[in-house]
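Thanks for coming. Please have the sequence and the model open while I talk.

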Amino acid sequence: MNIAVIGTGYVGLPAGAGFASHGHNVTCVDIDEEKVEKINSGECPIYEEGLPELLQEVVSKGKLEATTDTITAVKNADIVLLAVGTPMDKEGNINLDYIEKASKDIAEGMKEREEHQTIVIKSTVVPTTTEEKIIPILEQSGKKPGKDFGVCMNPEFLREGTALKDFLEPDRIVIGELDEKSGDNLEKIYSEFDAPIMRTGLKEAELIKYASNSLLATKISFINEIGNLCKELGIDVYDVADGVGMDHRVKRDFLDSGAGFGGSCFPKDVRALIKFMEDKGEEPRILQDTINVNVDQKTKLVEQLQNHYSDLSGKKIAVLGLAFKPGTDDIRQSPAIDIIAELKELGAEFKAYDPKAIENMKQKHPEIEYTSSYQEALKEADAGLILTDWEEFNEISREELKKMNKALILEGRRMSYELDGENRQGVTWP
Ligand SMILES: NC(=O)c1ccc[n+]([C@@H]2O[C@H](COP(=O)([O-])OP(=O)(O)OC[C@H]3O[C@@H](n4cnc5c(N)ncnc54)[C@H](O)[C@@H]3O)[C@@H](O)[C@H]2O)c1
């Protein structure tokens, strides 16, 4: 089938490359000309494991191309996937500017097409958005939904860091459909996927995405709250999590305590659901506390550092890890952003390192020093903070600690290197 993917970010690009690898003809559309040029030359504009290789393969086989021309891409597409960003505005609401602009462009393209086609919302949008905001814009094409064109809401559950694998091997595929024909059309492009498919309504699909992310974020805040108690008790929250997670009703996943969750999804999606519920007259108590615990959690490492240095002014802090999780160059809402800002206020100096995310962090914190290795960052540092659990940080050795001003590593993420407790402390573990 001919597929157009509008928005080639962390969702759109793995989806485009993934569908192209299943034999579909994919056109990726983006307003960012640099991204489009890179994709057409087989170069991957974001870091995601396995994506550069697959992208190069499908581009060289002529199965995927990129363009800035939405109208032509939509005109030629049986299925149009809308995967632009839905960031958070200042009040925590979902910002629909990109969705609305892209939907207008799609409507223009739809005018040029005679055959039936199905428009699929892959971006995360709060319940009723597809019906009340997006479909009316698509109708500006002069066509009738459910008759001249189909509409589906197909939330994406991939995790950055393993985006391509998650896209190709999902736990489930949720198809929210305006009508049966829309759902049937979308289901065809998933025919090679080995995953259960759930067919449901548009609003249900929209809420399944928010409820899933909110539950996962709540699990993290819950275990962080337990972790803070563990720290007081001098016990290891990971032992507690292992014991709790052995219960099949709970599962061990998302019970890794640390310096709080970040990323482009959890903080904004939980906040958007809170705002949406409030607008509907509901009181989202659990979700509000999920956010509150997470905000506080980011300050815990700074407090622990202050236990070692009552005055942080002029202290050299090695920040190891800037991405919000390993396997990605994405720093959106990364705990590192706030922790660096807080320490800066207290007069600390920095040497920061990340294997993939330095260029992105330079946009947020251009003033701090960046190094090309973690060893260099640790040299002569008064303390090291591990904020992303990149595998390479597990190689930190006693020799490297000797080169620090003070051999002290505070972990915001649990690591597995062989150093004794004197030199290392965890945010919620001894
Ligand atoms: N990142 C994730 O892990 C993840 C996971 C599941 C769902 N989602 C959701 O998927 C959506 C996309 O997220 P993302 O992380 O891929 O975003 P992103 O910011 O990485 O990518 C969005 C892309 O859309 C492009 N764009 C913006 N307006 C456009 C337009 N009018 N026409 C064409 N392109 C346009 C941007 O240039 C950008 O390249 C969001 O709603 C997000 O909440 C994200």
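In which sense do β6 and strand β7 pair, parallel or antiparallel, and over how many bridges? This is a predicted model, and in it β6 and β7, residues 173-177, pair in the antiparallel sense over 2 bridges. If you want to find the spot, look for C152, which stands opposite E177 in β7.

Let me stay with β6. Its other pairing that I want to show is with strand β5, residues 117-121; those two strands run in the parallel sense, with 5 bridges. One pair to look up there is Q117, whose bridge partner in β6 is F149. To get from β5 to β6 the chain goes through α6, and this β-α-β crossover is right-handed. As a general reminder, strands of a sheet pair through backbone hydrogen bonds, and they can do so parallel or antiparallel.

Is β6 buried or exposed? Strand β6 covers residues 149-153, and 5 of the 5 are buried, so the strand is largely enclosed by the rest of the structure. Buried here means under 20% relative accessible area. Both faces of the strand are covered: F149, V151 and M153 are on one side, with G150 and C152 on the other.

Now the helix from that crossover. Helix α6, residues 129-138, packs against helix α5, residues 97-111, at an angle of about 35°, and the axes are 8 Å apart. On the α5 side the contact is made by I99, E100, S103, K104, I106, A107 and M110, and on the α6 side by K133, I134, I137 and L138. Sorted by class, that contact has 7 nonpolar residues, 1 polar and 3 charged.

Next, a sheet further along the chain. Here 6 strands form an open sheet with parallel pairing, in the order β11-β10-β9-β12-β13-β14. β11 (369-370) and β14 (424-426) are the edge strands, each pairing on one side only. Inside the sheet, β12, residues 383-386, pairs with β13, residues 409-411, over 3 bridges in the parallel sense. L385 has L410 of β13 as its bridge partner.

Which helices lie across these strands? Helix α12, residues 285-308, lies across β9 (316-320), β12, β13 and β14, and runs at about 155° to β13. Helix α13 lies across β9, β10 (349-353) and β12, at about 160° to β10.

That brings us to the cores. In general, nonpolar side chains in soluble globular proteins tend to be buried together. The largest nonpolar core in this model has 53 residues, and among those with the most contacts inside it are L305, I317, L343 and F393. Helix α13, residues 335-345, gives the most to this core, with 5 residues. A second, separate core has 41 residues, including L82, Y210, V270 and L273.

Take I317 as an example. Setting aside its neighbours within four places in sequence, I317 is in contact with L305, L312, L343, A348, E349, F350, K351, A383 and L385.

Last, two residues with unusual backbone angles to look up. F254 is not a glycine, yet its phi is positive, about 60°. F254 sits in the loop between α10 (237-245) and α11 (266-279), and its relative accessibility is 26%, so it counts as partly exposed. Q333 is not a glycine either, and has a positive phi of about 55°. Its place is the loop between β9 and α13, and at 34% relative accessibility Q333 counts as partly exposed.

That is all I have.

Notes. Residues are numbered from 1 along each chain as its sequence is written. This is a predicted model: local features need pLDDT of at least 70, side-chain atom pairs count only at pLDDT 80 or more; totals for chains, interfaces and linings use all residues. Side-chain values use heavy atoms; hydrogens and water are left out. Axes are lines fitted to C-alpha atoms, for helices over the stretch in contact, and angles run from 0 to 180 degrees between N-to-C directions. Helices (H or I, at least four residues) and strands (E, at least two) are DSSP runs, numbered from the N terminus. Contact means heavy atoms within 4.5 Å. Ala, Val, Leu, Ile, Met, Phe, Trp, Tyr, Cys and Pro count as nonpolar, Asp, Glu, Lys and Arg as charged, and the others, Gly among them, as polar. A nonpolar core is a set of buried Ala, Val, Leu, Ile, Met, Phe, Trp, Tyr and Cys residues joined through side-chain atoms within 4.5 Å. Buried means under 20% relative accessible area, exposed over 50%, partly exposed in between (1.4 Å probe, protein chains only). Two strands pair if DSSP finds at least two bridges between them. A crossover is right-handed if, with the strands pointing away from the viewer, the path from the first strand over the helix to the second runs clockwise.
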